[in-house]
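Here are my notes on this model. They move from the annotated domains to the whole chain and then to one strand.

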Amino acid sequence: PVIRREDYLPPAWLVPEIALDFTLGLTATRVVSKLHVARNPDGNGASTLRLNGDQITPLAVRVDGAAVSDWRLDGADLLIELSGDAHIVEVETQVNPAANSQLMGLYASNGMLCTQCEAEGFRRITFFPDRPDVLSTYSVRMTGDKTTFPILLANGNCTAQGENADGSHWAEWHDPWPKPSYLFALVAGELVSNHSTFTTMSGRKVDLNIWVRPGDEDRTQHAMDSLIASMKWDEETFGREYDLDLFNVVAVSDFNMGAMENKGLNVFNTRYVLADPETATDGDFDAVEGVIGHEYFHNWSGNRITCRDWFQLSLKEGFTVLRDQLFSADMGSEAVKRIEDVRILRAAQFPEDSGPLAHPIRPDSYQEINNFYTATVYNKGAEVIRMMRTMAGPEQFRKGTDLYFDRHDGEAATCEDFVKAIEDGAGLDLKQFRLWYSQAGTPQVSVSLSHEGSTATLKLTQKVPATPGQPDKQPMPIPLRVALFDRDTGAHAGEKLVVLDKPSDTFTFDGFAKPPVLSINRGFSAPVSIDFDREAEDLVFLAANDDDPFARYEAMQNLVVQHLVTAVSGGLSDETRAAGRAAIGKAFTAILTDPALDDLMRGELMILPAEGYLAEQMLIADPGAIHTEREALKAWLGRECADDLTALHDRAVAVPYSRDAAARGARKIKNQALVYIAAGNAQEGARRALDQYRAADNMTDRQGAVLVLASLDVPEREEALADFRSRYEGNALVIDKWFSLQAGSFHPEVLANIRKLAEHPDFTMTNPNRVRALYMAAAVNPKAFHDASGDGYRLIGDLIRRLDPINPQTAARFVPSLGRWRRIEPVRAAMMREELERIAAEPSLSRDVREQVSKSLG
Ligand code: ARG
Ligand code: ZN
């Protein structure tokens with residue numbers, strides 16, 4: 001069944017209050033739910049109360065204290081006929097958390113109980129109008145065995161607790177802030193906390209706890225520091241203050257996504273909480289900081305103002321991603337953060353926009369909402385709000401967000417409400433801009449620059465490609481930051497913001513005796529793809545001179561993209577190949593040696609465009625040819641720049657471990673240099689990698705060394721992998737790395753290795769982190785996934801079919817990689833399609849996988 005945005009109706013009944021009573025058990029938890037229901041004056045007046053359910057049965061139903069039997073089931077939903085305007089409805093249910101392998105609703109993880117309710121998990125616990133526009137005040141009571149569940153947590157504040165004579169104990173929790181059911185949470189188990197406090201700007205003292213399994217507490221300080229920094233930052237940057245006396249974060253090892261912003265009780269995947277230098281890379285530390293910030297920021301953008309319906313998901317997710325991006329930029333390097341964000345957008349979102357699953361940031365329909373927690377809704381959603389900020393300027397934008405928070409506090413709002421508030425508060429006209437919410441597809445902007453007399457004329461043309469269900473598109477407003485460089489001085493006369501809001505437009509710039517060099521879409525001011533056929537010489541110029549760090553990175557990327565795309569299409573003679581490589585080598589050498597660059601930025605500039613991104617640049621891609629050409633260029637750079645690379649590696653190796661920017665930069669270039677050294681000379685690379693591994697006193701160095709060794713067919717590989725495994729035996733997050741380093745490698749036997757790893761005693765299909773560590777690494781590894789035999793496609797197809805009955809949400813996340821078949825050369829495309837058909841032929845597919853597969857087949 002297809003759910004449509006245009007069919008939205010307000011609920012007939014509201015639930016201003018709910019009291020939940022849990023009798024906890026790992027295999028049987030009893031739930032008594034008491035709803036105060038009230039007729040919605042804005043509803044349709046229906047007498048039927050619809051309570052959603054999913055794999056639960058009503059064991060007893062009472063209305064106003066009396067047992068009733070005239071309820072009925074409609075599919076999984078419970079329907080009760082009510083007259084009058086207000087009642088108390090009680091329903092009893094029982095669930096088996098240990099058998100809940102979907103990890104939605106109430107489930108057991110590592111001996112503890114926890115919940116995940118977004119989007120529609122609450123209905124797996126009890127019957128309820130499980131939609132985000134029904135806001136209730138929650139009181140929760142839970143009783144459980146004292147030794148199995150010493151810690152009992154729910155949303156809000158603990159109001160009472162006590163012990164029973166039978167060895168059980170109980171706790172009562174009350175959350176004063178009305179919330180939708182998807183923000184409900186309960187956690188019970190043996191947990192220890194890292195405790196701290198934070199005093200808010202108005203003087204409220206808040207208790208903070210990071211709860212983990214005993215033994216993990218030494219790895220929680222970074223999460224705590226990040227939480228405190230988030231709370232402070234949101235006060236300073238958005239004027240948002242925390243609103244309870246308690247803020248709990250719990251780490252669980254079985255979790256479908258990254259984390260969840262439940263009111264006052266965030267539940268996290270352990271990988272976004274636990275970090276110390278010995279077991280977490282610099283990237284892992286950043287991810288913890290980013291996700292801790294993200295979930296905390298949801299307290300305002302998500303919880304205080306929630307979504308009216310799930311089509312509005314980007315209202316909270318797009319905005320909160322923007323907020324976490326700005327936070328991380330302020331905590332570290334703004335330039336590097338921007339480049340990383342764009343890299344993620346291009347790797348994950350551009351393929352969505354150009355494939356069969358394309359959808360606007362505010363979708364018009366869905367079958368399974370879990371399939372819409374996408375890079376489009378999250379990351380493109382953030383880019384769309386960032387464009388408003390760019391057009392308004394940060395100060396005016398803040399007036400817009402102030403108005404939004406003020407106007408809609410306590411409501412379930414829409415994306416339209418947000419845009420209107422920014423329009424009114426920031427003083428922008430966003431009439432045409434709203435198209436960014438309704439039109440899918442990455443706009444393509446064609447650029448040309450002509451020069452006559454002293455005037456440069458910039459001509460821009462936009463095209464928004466057709467996407468499924470949207471054949472014709474309107475032109476969108478595209479804000480582009482531009483600068484024109486004088487070739488001789490290497491300077492420009494100031495950056496301008498041009499907004500292309502027509503199919504085509506021209507902009508003139510005066511005062512150029514010679515044709516200037518154009519820097520466009522600086523800072524990636526618009527999430528578009530720029531088509532500008534230009535001389536390699538201009539790109540080398542920008543790679544060396546552009547004062548916008550993103551544009552500098554982009555010039556380097558474009559230089560490589562232009563070269564590799566031509567090479568893959570067979571368009572390079574020996575001579576033009578040599579000339580292309582020479583230009584890249586020149587720019588690369590400048591990056592390796594420029595004393596003015598900080599190492600974090602240098603490391604960023606050294607990264608070659610990903611194979612997936614290169615494939616995106618072609619109408620039909622040959623992944624085999626892309627891999628070969630890209631690897632050949634890497635090896636050439638490794639040989640050509642061998643001296644600079646080894647000098648860089650030696651310099652970085654000498655820097656002692658610390659978490660400051662300089663030392664982190666040293667680790668980044670160390671690992672980048674190692675990649676190129678090994679590509680140019682496997683012996684030298686293996687030797688240096690093993691030395692680096694043996695000398696390592698931190699995970700960044702260790703993982704960087706194993707990353708390089710895992711792709712090499714050398715004896716050092718086995719030593720490092722075996723040591724890595726035994727050294728971290730029992731540390732699930734690091735064993736995940738051990739799996740993904742191998743599955744993500746370019747080793748000649750990578751596919752056979754993955755098949756073997758799937759049989760390894762440490763592998764399990766019931767833990768999403770482990771499944772992703774092995775199989776997502778394989779699915780995004782072009783060498784494994786696109787192996788000419790088709791075995792990579794079969795690997796992922798088999799996985800989807802085996803995982804779907806266990807965990808449909810996670811299984812569905814693997815479908816889009818096969819869904820790319822239309823953009824892949826015909827022999828592979830046929831095999832990818834065949835795999836999708838094999839999945840489609842399964843008799844009882846989940847709604848999650850069914851939707852993705854049928855859309856992918858088209
Ligand atoms: N709201 C969470 C976050 O982005 C994500 C939860 C998604 N869960 C799901 N089952 N789809 O912070
Ligand atoms: Zn979120």
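1. Start with the C-terminal annotation. In an unreviewed UniProt entry, "domain: Peptidase M1 alanyl aminopeptidase C-terminal" covers residues 537–857. This span is 74% helix and 0% strand in the predicted model. Its end C-alpha atoms are 43 Å apart.

2. The other annotated span is residues 223–433. The unreviewed UniProt entry labels it "domain: Peptidase M1 membrane alanine aminopeptidase". Here the content is 55% helix and 9% strand. The end C-alpha atoms lie 37 Å apart.

3. Now the whole chain. It holds 28 helices and 31 strands. The radius of gyration is 28 Å, which agrees with the value near 29 Å for a compact globule of 858 residues. The C-alpha trace spans about 90 × 60 × 60 Å along its principal axes. Of the 858 residues, 52% count as buried. Among contacts with a separation of 6 or more, 69% come from residues 24 or more positions apart.

4. Strand S11 (residues 112–116) deserves a look. Five of its five residues are buried, so S11 is largely enclosed by the rest of the structure. Met-112, Cys-114 and Gln-116 point one way, while Leu-113 and Thr-115 point the other way. In a regular strand, side chains alternate between the two faces of the sheet.

5. What does S11 pair with? Strand S10 (residues 105–109) joins S11 in the antiparallel sense over five bridges, with Ala-108 opposite Leu-113. Two residues separate the strands of this hairpin, and Asn-110 takes a positive phi near 55 degrees. Strand S16 (residues 186–189) also pairs antiparallel with S11, over two bridges. There, Ala-188 is the bridge partner of Leu-113.

Conventions. Residues are numbered from 1 along each chain as its sequence is written. Chains are lettered from A and ligands numbered from 1 in the order in which they are written. This is a predicted model: local features need pLDDT of at least 70, side-chain atom pairs count only at pLDDT 80 or more; totals for chains, interfaces and linings use all residues. Helices (H or I, at least four residues) and strands (E, at least two) are DSSP runs, numbered from the N terminus. The radius of gyration is taken over C-alpha atoms; the globule rule is 2.2 Å times the number of residues to the power 0.38. A residue is buried if 20 or more other C-beta atoms lie within 10 Å of its own, exposed if 12 or fewer, and partly exposed in between; C-beta atoms are placed from the backbone. Two residues are in contact if their C-beta atoms, placed from the backbone, lie within 7 Å. UniProt positions are given in the numbering used here, feature names are shortened, and annotations may be inferred rather than shown by experiment. Two strands pair if DSSP finds at least two bridges between them.
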